[in-house]
Amino acid sequence: QSFLDHSPVTHQVFRGMQIGTLNMEMQSKQIVNFTVNAQGTQGEILDNITTGITNATILPASTDVIINTSSNVAELRENGAKIAAPNYVTGMTLAINNNLRNDDAVGYETAVNIGGGTFQLTGTLNTYFGNKTMVEKVINNSKTSLMANFRDNEGQRIIWDMPLVKYSSGSPAVSGKNAAD
């Protein structure tokens with residue numbers, strides 16, 4: 001992180017960073033939200049970034065388009081087939097957890113290493129159950145696959161490909177009389 005309003009400009013540098021968790025949430029007609037949490041071994045403030053890190057470059061702010069669920073979802077696939085009528089998706093969440101841990105040692109104020117744990121992926125898929133196909137997969141705890149493909153107007157993509165997932169719980173329910181969700 002650079003503090004461009006400081007004189008001289010200072011930089012906060014984090015070392016040994018690894019992604020601990022990454023979350024994605026999408027709801028119909030909304031912006032897709034991503035949250036990333038990282039964990040590192042130490043941080044410091046530097047007056048000159050090139051003396052603390054070799055080959056460091058300060059990148060300009062991103063000008064990429066914000067991804068939304070109305071016009072930027074190229075397709076959602078379940079078990080290799082596009083999810084379409086009558087089982088429309090109304091929302092989806094994905095949560096990745098690398099279960100990181102601090103490796104601490106005597107004589108050190110900060111962790112000497114960030115250890116990786118077991119990779120864990122969980123999520124939710126909310127749909128209109130237009131027929132029994134998706135409901136039976138939930139009831140039977142069936143193996144399937146999921147893929148979410150996002151695309152912006154410039155052709156950039158984010159693809160979440162999950163080759164083996166199981167629906168572990170859920171039930172067809174609506175929030176009330178004359179409601180669609």
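**Reading pockets, pairs and strands**

Modeller: Let's open with a pocket: the second largest one holds about 260 Å³ of space. Keep in mind that the model is predicted.

Colleague: Okay, which residues lie nearest the centre of the second largest pocket?

Modeller: Thr-69, Val-73, Leu-76, Ile-83 and Val-89 do, out of 15 lining residues. To read a lining, go by element and then by class. Strands E3, E6 and E8 each supply at least two residues to this pocket, and E6 gives the most, with four. By class, the lining splits into seven nonpolar, five polar and three charged residues.

Colleague: And cavities? How many of 30 Å³ or more are there?

Modeller: The count comes to one, and the largest cavity has a volume of about 30 Å³. Two or more of its lining residues come from each of strand E6 (73-78), strand E8 (89-97) and strand E12 (143-151). E12 contributes the most here, with three residues.

Colleague: How do the residues lining the largest cavity divide into nonpolar, polar and charged?

Modeller: Eight are nonpolar, none is polar and one is charged. The lining includes Leu-76, Ile-83 and Val-89, names you've just heard among the residues nearest the centre of the second largest pocket. Arg-77 is in the cavity lining as well.

Colleague: Let's stay with Arg-77, then. What does the side chain of Arg-77 meet in a salt bridge?

Modeller: The general idea first: side chains of opposite charge can pair when their charged atoms come close. Here Arg-77 pairs with Glu-75, at 3.1 Å from N to O.

Colleague: Why does Arg-77 count as partly exposed?

Modeller: Because its relative accessibility is 27%, and the partly exposed class runs between the 20% and 50% cut-offs.

Colleague: How many salt bridges does the structure hold?

Modeller: Five. Another one joins Asp-103 and Arg-101, at 3.2 Å from N to O. Arg-101 is partly exposed too, with 43% relative accessibility.

Colleague: Now a helical case. How far apart in helix H2 are Lys-132 and Glu-136?

Modeller: Four residues, so about one helical turn separates them in H2 (residues 132-139). Their side chains meet in a salt bridge of 3.6 Å, N to O. Lys-132 is exposed, with a relative accessible area of 59%, whereas Glu-136 is partly exposed at 36%.

Colleague: On to sheets. In what order do the strands of the three-stranded open sheet run?

Modeller: Read along the sheet, the order is E1-E2-E5, with antiparallel pairing. Strand E1 (2-3) and strand E5 (42-46) stand at the edges with a single partner strand each, so one side of each has no neighbour in the sheet.

Colleague: Over how many bridges do E1 and E2 pair?

Modeller: Two, in the antiparallel sense, with E2 covering residues 10-15. For a residue-level landmark, look for Phe-3, which stands opposite Thr-10 in E2.

Colleague: Last one: where in the chain is confidence lowest, and where is it highest?

Modeller: As a rule, where pLDDT is low, the predicted coordinates should not be read in detail. In this chain, helix H1 (residues 49-52) is lowest, at a mean of 61, and strand E3 (residues 18-27) is highest, at 94. The chain averages a pLDDT of 84, and 91% of the residues score at least 70. E3, by the way, is one of the strands that supply at least two residues to the second largest pocket's lining.

Notes: Residues are numbered from 1 along each chain as its sequence is written. This is a predicted model: local features need pLDDT of at least 70, side-chain atom pairs count only at pLDDT 80 or more; totals for chains, interfaces and linings use all residues. Side-chain values use heavy atoms; hydrogens and water are left out. A salt bridge is a side-chain nitrogen of Lys or Arg within 4 Å of a carboxyl oxygen of Asp or Glu. Buried means under 20% relative accessible area, exposed over 50%, partly exposed in between (1.4 Å probe, protein chains only). Two strands pair if DSSP finds at least two bridges between them. pLDDT is the predictor's confidence in each residue, from 0 to 100. On a 1 Å grid over the protein atoms alone, a cavity is a set of points where a 1.4 Å probe fits but cannot get out, and a pocket is an open set with protein on both sides within 12 Å along at least five of seven lines; lining residues have an atom within 4 Å of a point. Grid points are joined across faces, edges and corners, and a volume is the space filled by probe spheres set on the points. Ala, Val, Leu, Ile, Met, Phe, Trp, Tyr, Cys and Pro count as nonpolar, Asp, Glu, Lys and Arg as charged, and the others, Gly among them, as polar.
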